Amino acid sequence: MNIAAVFNALLVSVLAAVLWKYFKLREHVFTVEEELVLMRQSQELSQVQIDYHAALQALVEDGTRMVCTGRMHTDRICRFESLCYSTEAEEFVYFHSNSSVMLPNLGSRRFQPALLDLSSVEDHNTQYFNFVELPATALKFMPKPVFVPDVALIANRFNPDNLMHVFHDDLLPIYYTMQQFSDLDLEARLFFMEGWSEGVHFDLYKLLSNKQPLLKEQLKTLGRLLCFTKSYVGLSKITTWYQYGFVQPQGPKANILVSGNEIRQFTKFMMEKLNVSLEESSSEEYIVVFSRTINRLILNEAELILALAQEFQMKTITVSLEEHSFSDIVRLLSNASMLVSMHGAQLVMSLFLPRGATVVELFPYAINPEHYTPYKTLATLPGMDLQYIAWQNTDREDTVTYPDRPWDQGGIAHLDKAEQERIIKSTEVPRHLCCRNPEWLFRAYQDTKVNIPSLIHVIRQTVKSKPGPKKQKWSGSIYPGKVRDAKCQASVQGTSEAKLAVSWQIPWNLKYLKVREVKYEVWIQEQGENTYMPYILSHQNHTFSENIKPFTIYLVWIRCIFNKNLLGPFADVLLCST
């Protein structure tokens with residue numbers, strides 16, 4: 001054999017091995033560099049340190065894990081580990097592996113119509129959340145993920161340019177969703193996916209977390225595939241009190257679950273974040289008039305301010321969203337005796353008024369106050385302790401309309417002449433659905449000259465003396481517990497008469513309470529029958545003889561009632577034999 005040929009072959013083999021090792025080492029260096037870049041991108045999001053290799057391995061091996069609360073998409077909030085988001089496809093991604101968890105596992109029902117609502121506005125088809133599914137093995141063909149180490153709350157803002165929507169739909173629900181889950185603390189980060197820009201009220205959202213909220217558009221700058229190590233998706237609806245008329249004309253929600261106490265806990269938090277101190281007593285009592293500067297104007301505002309000051313012998317000041325900082329408005333409202341304002345989103349700030357203050361809402365011509373009640377509903381929530389007054393302009397001569405404006409500013413020039421005439425002659429906007437009813441918009445954007453004697457008369461019907469904040473004890477409702485030690489004893493007189501003596505002890509919590517009136521409700525039902533006899537009693541024992549038969553089994557339920565309408569739970573049913 002030619003030694004030179006053998007030597008050349010060996011040399012080629014060694015060179016090939018060295019080159020292979022070089023390329024493998026170079027590939028490893030590229031991978032490490034890429035991981036370092038992705039790790040830096042993750043750390044640009046947060047100061048939380050993340051082991052990129054371990055996070056990637058966990059994603060590949062464990063996939064995504066999801067556990068949700070709530071039975072329906074309208075009341076569901078889901079907790080995810082390793083939920084990802086493709087900024088190119090604008091889709092959330094659930095990765096399946098042998099270790100994945102998906103509860104509830106709905107199958108195709110997840111699309112009927114969605115897994116959950118991203119907003120607190122119930123069942124709105126622009127607010128649905130879902131994800132696409134992939135096997136975790138697909139990650140090898142996808143862009144390397146950027147991991148988000150912060151605990152994330154992912155939601156939609158409903159309308160961040162409108163202050164009513166900001167507070168009612170976003171801030172309050174976000175605050176109490178964060179209260180619901182202990183790891184959604186001030187170090188959690190908010191991610192808003194609705195696609196709006198920051199908007200004029202974005203600084204208010206920043207108060208809810210120590211970290212800058214991120215918008216959907218900003219996520220594209222972070223990477224092509226983002227993976228949230230831990231996230232919560234959706235918002236609690238438990239604090240909302242109003243529905244906007246998407247399915248039926250607007251009005252209070254049928255089942256309001258929030259009270260003024262929870263609202264005031266939220267406002268206390270917001271005031272602390274705004275560095276507004278809650279003074280127990282102000283040295284000067286005053287009335288605040290909320291001034292609108294663009295539309296729905298009060299045409300005789302200066303005259304109105306003077307009349308209020310004279311009538312109530314109190315300083316009267318104006319504020320506006322355009323000319324005052326938000327914290328200054330909150331500071332003024334938190335000690336005001338009365339707030340007067342045209343109907344509009346700014347009235348949601350009445351939630352900062354002190355207990356005992358008065359809210360006066362002014363309505364333009366042809367707008368029935370009973371049909372538009374978000375601020376009345378807020379003011380009259382149990383525990384808000386505000387007086388609410390509505391005044392409506394009933395004089396067509398005291399209104400200025402703008403039929404030639406664009407339709408979304410109340411113009412009606414785009415309608416046919418007959419419809420224009422009908423709207424102009426109408427004396428009341430009929431009840432309607434949201435959100436583009438031209439008659440509503442025409443009247444909503446008109447300006448008003450307030451009939452001052454009429455307004456003062458309406459206010460005086462409610463405010464008899466000088467208005468002002470009042471120190472009030474906690475006014476929530478305390479319900480009775482179960483009655484205790486319930487007993488029954490029967491006595492039979494012959495074959496046709498019987499008596500049933502029933503006794504019980506007071507609820508355990510009653511001995512610690514001062515209650516104006518205590519009653520007991522007793523139901524007696526013959527076993528096997530569908531009807532029962534109800535009784536309201538003042539004492540803890542009673543002997544029943546009417547309709548009581550010998551040799552019969554009766555079911556007896558007993559509960560306590562405080563002050564006529566605070567109904568306690570029924571005690572365990574008694575089985576009584578005569």
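In this predicted model, helix H7 buries Glu301, Leu304, Ile305, Ala307, Leu308 and Phe312. Viewed along the axis of H7, these buried residues fall within an arc of 165 degrees, and so they line one face of the helix. The face turned away from this buried side holds Ala302, Leu306 and Gln310, which are exposed. A reader may like to display the two sets in separate colours.

As for what lies over the buried residues of H7, the cover includes three strands, S14 (286-290), S15 (315-319) and S16 (338-342), together with helix H12 (452-462). The helix itself runs over residues 301-312, 12 residues in all. From the first C-alpha of H7 to its last the reach is 17 Å, close to the 16 Å expected at 1.5 Å a residue. After H7 comes Gln313, with a positive phi near 50 degrees.

Helix H2, formed by residues 52-62, can be described in a similar way. Its buried residues are Tyr52, Ala55, Leu56 and Leu59. Around the axis they cover an arc of only 100 degrees, which means that they sit on the same side of H2.

The two ends of H2 also deserve a look. At the N-terminal end, Asp51 acts as a cap, with a side-chain oxygen placed 3.3 Å from the backbone nitrogen of His53. Just after the helix, Gly63 adopts a positive phi of about 65 degrees.

How values were computed
Residues numbered from 1 in each chain as written. Predicted model: local features only at pLDDT ≥ 70, side-chain atom pairs only at ≥ 80, totals over all residues. Heavy atoms only, no water. Helix = DSSP H or I, 4+ residues; strand = E, 2+ residues; numbered from the N terminus. Expected span 1.5 Å × (residues − 1). Buried < 20%, exposed > 50% of the residue type's maximum accessible area, 1.4 Å probe, protein only. Arc of directions from axis to C-beta. Contact = heavy atoms within 4.5 Å. Polar contact = N/O pair within 3.5 Å; in protein donor to acceptor, adjacent residues only side chain to side chain.
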